[in-house]
Amino acid sequence: MAILIENMVLPHSQLRIPRWSAPRQGLYGIVGPNGSGKSQFFSVLMRTLKPRLGKVSIENCRIGCVMQHPEHQLTEATVRDEMLWPFSRKQQVDHRFQNQLADVIQRWDLEVHWQQSPWTLSTGQKRRLILAVYDLLNPDVLLLDEPSEGLDGEWKKRLATWLTTRAGTRLTLITSHDWPWLLSFVGTGFWCEKTLDASPKDLGQLWYSHQLPTVNPLEQLWRELLNRNAPVSWRGWIDAEVALGQVVTLWKSVQNQ
Amino acid sequence: MDIIFDHVVVRYDTGKMALGPVNLVVHGGECVFVTGPNGGGKTTLARLLSGILIPVSGELRMGDGIVRSEWPPDYVGWIQQEPEHQVVGANILGDVNLSSLWHASSYRQSVARTRQALKDTGLEPLGARAAETLSGGELHLAAIAAIMAQHAQVLVVDEPETMLDASGQLRVEKMLQALNEQGKTLFVISHNRIWGRLADRHLWVQDGKVEEMDQNGAAQRLADDWMTFCDGLQAITDRPFESCEVSQIGKLIWPF
């Protein structure tokens, strides 16, 4: 599998990608502000957008994408048909496929909706359905555009767990503004703003160095502590228990001085 | 004006219960945080308020008795989860203008409304851009701008932070707060506990049932990190905080 982008300029966002070579596998964030071209970058990889300039070379790889609005990907009358249409009748009766299908249906909790129209599902359920389709298709590269949108806390955790278990067998690129969720399971990422970084950096470092404004008080506290050189980790704030552990250690060290 | 849900029941076409029975009185100017698991009925509640769903039984009415089907067309503004469903203009300026022209009493007033909505959402530089050339976050702001131009008395906002980066989220939060301070009634539907802290009322919607609870109850169910953190810190340091203020806590744990 090889994906290489050279001297590319995208329309509208004007994102420039001097050179970007896809990692072979693993989980990576594609992060940056609204309108910077993250979704367009995915469209280029999916070959649904022609860049203004430059070239992309994609060899020997099957790419799947769960779009920002998963209902753009719904085409069938029932959840069952949505899941099965990419597979031939011969494939569908195969015993191994049947087992995989049963696993996928269970993983994304779709049995109860099996004969339901996908259009009657909630936004979170629609997203789970398209994720389930790609779970079954098992592409070499999976592009996820804002995958946590519309998912409740429990499903966000389940999605992170599923992605982590597949990290060793495929390349997954994730765009998201949901920093706590992304930082909870993704190690590195590419910053996308005017240009796309050629090499990945620690996602915690990207979060801190870009000083994004926030309405989350725990995140605000962490920025304040880091700005005053307190010895806390970049990712400590994403979980209250972890944050508490680090802050108590800090507080005790201050008390002992 | 109060909004009264009186034994309201909504069913799917299959006859299965989607929501209800809902009995609730929301007072004018309140901010109501609506949360709960996926598929629980939150968006059904939004559709009911917006008037595109009609209850199979019960009644949704204003405090003066006027039922939903007779409310003025600009009374409820609905910002949907999927902004593409509501951005229909040839470009962003045109789309917001469409909303202004539809709801304002004069052309001059509509121009002023459009200008203000684009300014508040920070979309002035993108006014000439077509919807399909915008990112998801920009499109979401465009949908918000068009609803702002409507000047609705009741705003139903489904997942206000959808696709937005941190700056966009902050901007939307400030806009909604300002509207609430002006006396507008807000229904904010979200999985994000941040909105719970801004609200006067907290509703948990699950399996079609609407349960009202206090802020702590909703925060516990959503596992509110900040409250967990503050409670834990007070217990360990044995220092009761008057308020859980970021700067106060920051100075306590690292005074350098």
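Just after helix α5 of chain A comes A:N138, a residue with a positive phi, near 50°. Keep in mind that this is a predicted model.

What about α5(A) itself? Its 15 residues should span 21 Å at 1.5 Å a residue, and the end C-alpha atoms are indeed 21 Å apart, so the two values agree. The helix is also largely enclosed by the rest of the structure, because 14 of its 15 residues are buried, meaning under 20% relative accessible area.

Now for the place where chain A meets chain B. Chain A brings 49 residues to the contact and chain B brings 47 residues. The size of an interface is often given as the accessible area lost when the parts come together. Here, about 4,200 Å² is buried between chain A and chain B, with 62% of that coming from carbon and sulfur atoms. On the chain A side, the residues losing the most area to chain B are A:N34, A:V215 and A:W251, which together make up 16% of what that side buries.

What kinds of links join the two chains? Between chain A and chain B there are 13 residue pairs in polar contact, both residues at pLDDT 80 or more, but zero salt bridges.

Helix α5 (123-137) shows up again here: along with α9 (217-227) and α10 (240-256), it gives two or more residues to the side of chain A that touches chain B. The largest share, 10 residues, comes from α10(A). By class, that side of chain A looks like this:

| Class | Count on the chain A side touching chain B |
|---|---|
| Nonpolar | 21 residues |
| Polar | 18 residues |
| Charged | 10 residues |

Terms used. Residues are numbered from 1 along each chain as its sequence is written. Chains are lettered from A and ligands numbered from 1 in the order in which they are written. This is a predicted model: local features need pLDDT of at least 70, side-chain atom pairs count only at pLDDT 80 or more; totals for chains, interfaces and linings use all residues. Side-chain values use heavy atoms; hydrogens and water are left out. Contact means heavy atoms within 4.5 Å. Buried area is the accessible area (1.4 Å probe) that two parts lose on being put together, summed over both. A salt bridge is a side-chain nitrogen of Lys or Arg within 4 Å of a carboxyl oxygen of Asp or Glu. A polar contact is a pair of N or O atoms within 3.5 Å; within protein, one must be able to donate a hydrogen and the other to accept it, and residues adjacent in sequence count only if both atoms are side-chain atoms. Helices (H or I, at least four residues) and strands (E, at least two) are DSSP runs, numbered from the N terminus. Ala, Val, Leu, Ile, Met, Phe, Trp, Tyr, Cys and Pro count as nonpolar, Asp, Glu, Lys and Arg as charged, and the others, Gly among them, as polar. The expected span of a helix is 1.5 Å times one less than its number of residues. Buried means under 20% relative accessible area, exposed over 50%, partly exposed in between (1.4 Å probe, protein chains only).
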